[in-house]
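Please find below my comments on the model, set out as numbered points. They take up a helix pair, the relation between the chains, and one loop residue.

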Number of protein chains: 2
Amino acid sequence: MRYQLFYWTGIQGRGEFVRLALEDAGADYVDVARVHGDGAMQPFLDGAKPGVTPFAPPFLKAGRQVIAHVANILHYLGPALALVPPSEARRLQALQWQLTIADFVTEIHDSHHPLGGSLYYEEQRKEAARRAEAFRRDRLGRFLGYFERELAAAGGHHALGRHSYVDLSLFQLMRGLEYAYPKAMRRQARKLPHLRALADRVEQRPNIAAYLASPRRLAFNTQGIFRHYPELDG
Amino acid sequence: MRYQLFYWTGIQGRGEFVRLALEDAGADYVDVARVHGDGAMQPFLDGAKPGVTPFAPPFLKAGRQVIAHVANILHYLGPALALVPPSEARRLQALQWQLTIADFVTEIHDSHHPLGGSLYYEEQRKEAARRAEAFRRDRLGRFLGYFERELAAAGGHHALGRHSYVDLSLFQLMRGLEYAYPKAMRRQARKLPHLRALADRVEQRPNIAAYLASPRRLAFNTQGIFRHYPELDG
C-alpha cells in the first residue's frame with residue numbers, strides 16, 4: 001500500500017505525528033503537498049472527493065479511504081505498520097494516550113494563540129503572555145508529569161509496554177517543547193527521566209535517525225504548533 | 001454489561017455526549033459520581049487502578065476496561081450499542097466526525113476561557129470578549145457550515161446515512177450553542193436546515209425524549225462547556 005499524506009508545506013505541525021509513524025515503519029508514502037503544493041489538498045477540503053470531508057489537514061489517503069485527524073490516522077495505521085499492540089483493548093489504550101497528547105498539543109498551540117488561529121500572534125501578544133504564564137505554571141508540568149507517571153507505570157520504557165506510535169508522538173512532544181520553551185523545560189527536566197530517555201531512544205532508532213538527518217525533517221520554526229517566542233518562556 | 005460512567009456532577013459537560021449514547025440505546029449504566037459524589041473518581045485519576053490512567057473525566061468502566069476521552073468511549077461503545085455502522089471504514093468515519101466535534105467543543109469552551117481553565121471567567125472577561133468575537137465571526141459558521149454540508153452530502157438525515165452516536169452529538173452541539181449563543185445562532189439558523197431538523201428528530205426519539213424530561217438531564221448553566229454570557233453573544 002502506498003499511502004498519501006496531505007499536510008501543509010513549510011511546517012512540521014500536526015502532520016509530523018503521522019510522518020514519524022510512516023518514517024519509523026519504513027512505509028511507502030508520498031507527502032503530497034510537498035510534491036504538488038498545498039493546492040493539491042483543496043479538492044479534498046472542498047468536499048469534491050467521496051467520503052467524509054476532512055475539516056483540516058492532516059489527512060491520509062489509503063486506497064479509496066480518506067482519514068482525517070492525527071489520532072484517527074494513527075489508530076488506522078497502527079496495526080498495518082505494527083505500531084500498536086493488536087488487541088482491541090490495547091488499541092483503545094493507544095488511542096486514549098494519543099487523544100491526551102492531542103489535547104496537550106492544542107494547549108501548546110493556544111499558548112501563543114489564545115484568541116484563536118484567525119488572528120496573528122502579533123495581534124494577541126499581550127493575551128499570549130498571560131496564557132503562556134498560566135500554561136507554564138499550571139499545564140506544562142501537569143501534562144508532562146502525567147505522561148511521566150504513566151510511562152513509569154508501564155515499565156518505564158514504552159507507553160504501551162512495547163514500541164508504538166505513542167512513543168513516537170511523545171518524542172515529538174518533548175523535542176517540540178524543548179524548542180519552544182527551553183527555560184521552562186530545563187526546570188521540568190529533573191522530574192522527567194523516563195520521558196527524556198524515551199525521546200533519546202526514539203531519536204536513535206535507525207529509521208528515525210535517518211529521517212531526522214534528511215531534508216524531509218523540517219526545522220521547528222515560528223509558524224507551527226511549537227513556537228519559540230522568548231517572551232513567552234518566562 | 002452494566003457500564004459505569006464517571007463525570008463531574010453539576011454540569012452536562014463532555015460527559016453528556018456519552019450519556020446521550022447510553023440513554024438513547026437504553027443501556028444499563030450507573031452515573032457513578034451522581035450516586036457516590038465526585039470523590040469516587042479520584043482513585044482512577046490518581047492512577048490507583050489498573051490500565052492507563054484517565055487524564056480527566058469523562059471515563060467509562062466496562063468490565064475491567066477503563067476508557068477515557070469522549071471520542072474513544074463512543075468509538076468503543078458504538079458497536080455494542082448499535083450506534084455506529086459495523087464496518088471498520090465506517091467506524092473510522094464516525095471517529096473522524098466525533099474528533100471534529102471535539103475540536104469544536106474545545107473552541108466553544110475556549111470562547112469563554114481563552115486564557116485556559118486555570119483562571120475564572122471573571123479573571124479573563126476582556127480576553128473572552130475578543131476571543132468570542134473572533135469565534136462568532138470566524139469559527140461558529142465555519143464549523144456549523146461544514147457539518148451542514150457533510151450532513152447534506154450524506155443524504156440530509158444522518159451524519160453516517162443511518163442513526164449513530166454522531167447524530168446524538170450533533171444534537172447536543174446544536175442545543176448547547178442555542179443556549180450559549182442565542183443571537184449568533186439565530187443569524188446562522190437559515191443556513192442550517194439539515195442540522196436543525198436533525199436536532200429536532202433526535203429530540204423526539206423516545207429514549208432521548210424520556211431522558212430530557214427526566215431529572216437526569218441537567219439544565220445548561222454557566223459552569224459547563226456551553227455558557228451563556230450575554231456580553232459574549234454580540
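Is the crossing of α1(A) and α4(A) left-handed or right-handed?

1. In this predicted model, the crossing of α1(A) with α4(A) is right-handed. Helix α1 of chain A spans residues 15-24 and helix α4 of chain A spans residues 70-80, and the two pack at an angle of about 15° with their axes 9 Å apart. Because angles under 35 degrees count as roughly parallel, α1(A) is described as roughly parallel to α4(A).

2. On the side of α1(A), the contact is made by A:Phe17, A:Val18, A:Ala21 and A:Leu22, while α4(A) contributes A:Val70, A:Ile73, A:Leu74 and A:Leu77. Sorted by class, the residues in this contact comprise eight nonpolar, no polar and no charged ones.

3. As for the two copies, a turn of 180° with a shift of 0.0 Å along the axis lays chain A on chain B with an RMSD of 0.0 Å, which is the relation of a two-fold axis. Within chain A, the C-alpha nearest this axis belongs to A:Pro114, at 2.6 Å from it.

4. Of the interface residues of chain A, 100% are also interface residues in chain B, and the copies therefore meet through the same surface.

5. In chain B, the loop between α6 (125-153) and α7 (165-180) holds B:Ser164. This residue, B:Ser164, counts as buried because its relative accessibility is 0%, where the cut-off for buried is under 20%. Leaving aside residues up to four places away in sequence, B:Ser164 touches B:Leu83 and B:Val84.

Definitions and conventions
Residues are numbered from 1 along each chain as its sequence is written. Chains are lettered from A and ligands numbered from 1 in the order in which they are written. This is a predicted model: local features need pLDDT of at least 70, side-chain atom pairs count only at pLDDT 80 or more; totals for chains, interfaces and linings use all residues. Side-chain values use heavy atoms; hydrogens and water are left out. Helices (H or I, at least four residues) and strands (E, at least two) are DSSP runs, numbered from the N terminus. Buried means under 20% relative accessible area, exposed over 50%, partly exposed in between (1.4 Å probe, protein chains only). Contact means heavy atoms within 4.5 Å. Copies are superposed by least squares on the C-alpha atoms of residues with pLDDT of at least 70 in both. Axes are lines fitted to C-alpha atoms, for helices over the stretch in contact, and angles run from 0 to 180 degrees between N-to-C directions. Angles under 35 degrees count as roughly parallel, over 145 as roughly antiparallel, 65 to 115 as roughly perpendicular and the rest as oblique. A crossing is left-handed if the near helix is turned anticlockwise from the far one by less than a right angle, and right-handed if clockwise. Ala, Val, Leu, Ile, Met, Phe, Trp, Tyr, Cys and Pro count as nonpolar, Asp, Glu, Lys and Arg as charged, and the others, Gly among them, as polar.
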